[in-house]
Amino acid sequence: MTVKEKFNKWLEFADDETKNELLSVSNNEKEVEDRFYKDLAFGTGGLRGVMGAGSNRMNKYTVGRATLGLAKYLADKFPSGASVAIAYDTRNNSTAFSLAAAHILAACGVKVYRYKYCVPVPVLSFTTRRLNCSAGIMITASHNPKEYNGYKVYDETGCQICTEAAAELLSYIEKEDYGNVAALLASDSEGSITEIGDEVLADYYKAVGEQSLYSEKSDIKIVYTPLHGTGNIPVREMLKNFNVYVVKEQELPDGNFSTVRSPNPEEKDALNIAIEYAKKISADIVLGTDPDCDRVGIAVRDNNGEYVLFTGNQTGALLVKFVLEMKKNSLNEKSTLVKTIVTSELGANIARKFGLNVDETLTGFKYIGDKINKYEKDGSREFVIGYEESYGYLVGTYARDKDGVVSSMLICQMAAWYKVQGKTLIDGLNEIYAEYGYFLDALDPFVLKGKDGAEKITALMDYFRKNGFSVFEGADKVIDYSTGIDDLPIENVLKFVWNDGSWVAVRPSGTEPKIKIYYSVREENREKAHSHLEKIRTAVKNIIEG
């Protein structure tokens with residue numbers, strides 16, 4: 001159908017609220033095109049997009065269509081009967097979208113377990129496993145701005161579905177008609193929807209607690225902000241033996257995230273309010289988790305009383321060293337660290353020194369979860385720790401996704417361990433640099449919205465494929481993951497590598513209208529690293545913004 005035909009079709013089946021929204025933009029040709037020029041993409045990251053009316057927006061109809069496809073996919077995969085666990089975060093419409101998904105599934109005869117309150121992503125992963133469900137659904141857009149929401153699908157292992165499963169599920173979704181979805185949403189379902197009780201969450205806390213590595217008493221002082229998200233209760237539960245001060249302005253759920261520009265701990269200003277509070281009470285460390293509490297960012301007080309923000313790679317390297325120091329007597333020839341292709345080699349080098357295997361995956365923690373499943377199935381390796389540069393970490397195999405709750409617990413234990421030695425995490429990081437070399441990492445995301453933006457992203461990837469070596473002067477090789485590398489799925493990612501271990505990776509975001517440039521520079525000192533990085537970043541910006 002044409003854009004206009006799709007627009008008119010939606011006016012036929014949509015409820016009054018949706019119709020009114022569509023009619024309000026009917027004279028804006030560009031806006032109508034953006035809402036209907038495609039269906040909101042469903043990939044390995046599920047659905048994610050701006051909320052609103054239209055096939056290229058997050059709304060109850062796009063959620064319902066994905067869920068109807070999932071119901072039929074599960075009916076074929078589990079002919080004796082399927083069950084699904086559903087959870088949601090604090091974003092606007094997350095509750096409504098979770099209810100729409102539950103309604104569709106129940107109407108299709110699928111047994112539904114749904115949380116009665118918002119919980120973190122790792123809780124959904126754990127719950128799917130704990131209740132032996134056929135699949136899980138998480139309503140979240142993670143760290144995206146307030147305008148966004150999303151829909152993630154997990155398999156029976158609690159792992160977000162990967163490439164092959166996502167493609168198969170998509171083939172079911174594409175057969176579904178929005179009119180049928182509207183009819184099901186308007187019907188009275190007599191299916192089975194069961195509320196998930198507190199006992200499952202208690203089991204999750206127990207599983208996280210079993211990953212504890214250090215319990216010696218410490219006077220460490222921690223400021224924590226859940227950034228209006230799901231981490232508030234779970235993180236505080238796991239830090240109850242610490243001196244924790246919660247940022248009151250950001251403690252309670254707020255889908256508008258009214259105190260921050262973006263609820264993303266990767267952003268430099270996300271922890272500003274927490275840092276100001278920390279200065280008043282001379283806290284040792286600041287923690288911030290994103291809305292679905294699968295990522296955590298930190299800031300550490302230096303000797304001058306200022307707070308230094310850590311990157312995901314820096315925190316990851318420190319965690320690798322801490323975890324392996326604490327576990328060194330139980331490590332064996334199967335022990336393995338798993339990281340993504342856009343994560344620094346620093347943590348991997350530390351792991352290798354401890355004798356660990358290092359395995360690499362594509363970007364996305366689902367691929368790390370998939371590695372854990374493979375290890376358990378064939379017994380070839382034992383998962384110890386996995387992480388990605390975007391502030392996501394996991395220790396333990398109780399879940400198959402990154403977990404800001406266990407990460408917060410271990411980061412605070414690690415900070416306490418260093419403090420008992422008279423050191424800060426800054427001191428610990430400098431010790432790592434002294435031993436392994438200075439690593440400097442950065443990420444430049446370029447937002448390119450709409451149809452025109454999507455076309456420009458495609459053109460930029462083509463440009464870098466053809467001209468990358470002239471842009472990244474001195475690079476010695478390029479790895480093009482679209483050609484199939486080792487046993488990794490095919491993905492549109494380029495990685496330019498220097499012989500000294502530095503690299504630059506270029507990839508379109510799978511969940512946002514962005515092209516992302518990742519930089520990892522290795523030099524003998526800070527000054528040379530910053531000079532090298534700035535030279536590369538300038539060349540990239542001249543191409544993308546010029």
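A cavity is a set of points where a 1.4 Å probe fits but cannot get out. Rolling a probe the size of a water molecule over the atoms shows where empty space is left. The model here is a predicted one, and it holds 1 cavity of 30 Å³ or more. The volume of this largest cavity comes to about 50 Å³. Its walls are built from Leu 70, Tyr 73, Leu 74, Lys 77, Ser 134, Ala 135, Val 153, Tyr 154, Asp 155, Glu 156 and Ile 161. Two elements, helix H4 (60–77) and strand E5 (148–154), each give two or more residues to that lining. Helix H4 supplies the largest share, with 4 residues. Sorted by class, the cavity lining has 7 nonpolar residues, 1 polar residue and 3 charged ones.

Next come the pockets, and here the second largest one is worth a look. About 1200 Å³ of space lies in this pocket. It is lined by 42 residues, and the closest to its centre are Lys 268, Thr 311, Tyr 391, Asp 441 and Ala 442. Quite a list of elements gives two or more residues each to the lining: strands E10 (296–301), E11 (307–309), E16 and E20 (514–523), along with helices H12 (312–327), H16 (425–436) and H18 (526–545). The largest share comes from strand E16, which puts in 8 residues. As for chemistry, 21 of the lining residues are nonpolar, 9 are polar and 12 are charged.

Several of those strands turn up again in the sheets. One open sheet has 5 strands, in the order E8-E7-E9-E10-E11, and its pairing is mixed. At its edges sit strand E8 (243–246) and strand E11, each of which pairs on one side only. From one strand to the next, the twist averages 25°. Within this sheet, strand E7 (residues 221–225) and strand E9 (residues 285–289) run parallel and are joined by 4 bridges. Zooming in on that pair, Ile 222 stands opposite Ile 285 in E9.

Helices lie across this mixed sheet too. Helix H11 (residues 272–281) lies across E7, E8, E9, E10 and E11, and runs at about 155° to E7. Helix H16, already met in the pocket lining, lies across E9, E10 and E11, at about 100° to E10.

Another open sheet also has 5 strands, this time in the order E16-E20-E19-E18-E17, with antiparallel pairing. Strand E16 (438–447) and strand E17 (477–480) are the edge strands, so named because each pairs on one side only, where two strands pair if there are at least two bridges between them. The twist in this sheet averages 15° from one strand to the next. Strand E18 (residues 494–497) and strand E19 (residues 503–508) run antiparallel, with 4 bridges joining them. In this pair, Lys 495 has Ala 505 in E19 as its bridge partner.

That leaves a pair of packed helices. Two packed helices are described by the angle between their axes and the distance between the axes. For helix H12 and helix H15 (residues 404–420), the axes come within 10 Å and cross at roughly 75°. Angles of 65 to 115 degrees count as roughly perpendicular, and H12 and H15 are therefore roughly perpendicular to each other. On the H12 side, the residues that meet H15 are Thr 315, Leu 318, Leu 319, Lys 321, Phe 322, Glu 325 and Met 326. Facing them, H15 brings in Leu 410, Ile 411, Gln 413, Met 414, Trp 417 and Tyr 418. By class, this contact is made up of 9 nonpolar, 2 polar and 2 charged residues.

Note on methods. Residues are numbered from 1 along each chain as its sequence is written. This is a predicted model: local features need pLDDT of at least 70, side-chain atom pairs count only at pLDDT 80 or more; totals for chains, interfaces and linings use all residues. Side-chain values use heavy atoms; hydrogens and water are left out. Axes are lines fitted to C-alpha atoms, for helices over the stretch in contact, and angles run from 0 to 180 degrees between N-to-C directions. On a 1 Å grid over the protein atoms alone, a cavity is a set of points where a 1.4 Å probe fits but cannot get out, and a pocket is an open set with protein on both sides within 12 Å along at least five of seven lines; lining residues have an atom within 4 Å of a point. Grid points are joined across faces, edges and corners, and a volume is the space filled by probe spheres set on the points. Ala, Val, Leu, Ile, Met, Phe, Trp, Tyr, Cys and Pro count as nonpolar, Asp, Glu, Lys and Arg as charged, and the others, Gly among them, as polar. Angles under 35 degrees count as roughly parallel, over 145 as roughly antiparallel, 65 to 115 as roughly perpendicular and the rest as oblique. Contact means heavy atoms within 4.5 Å.
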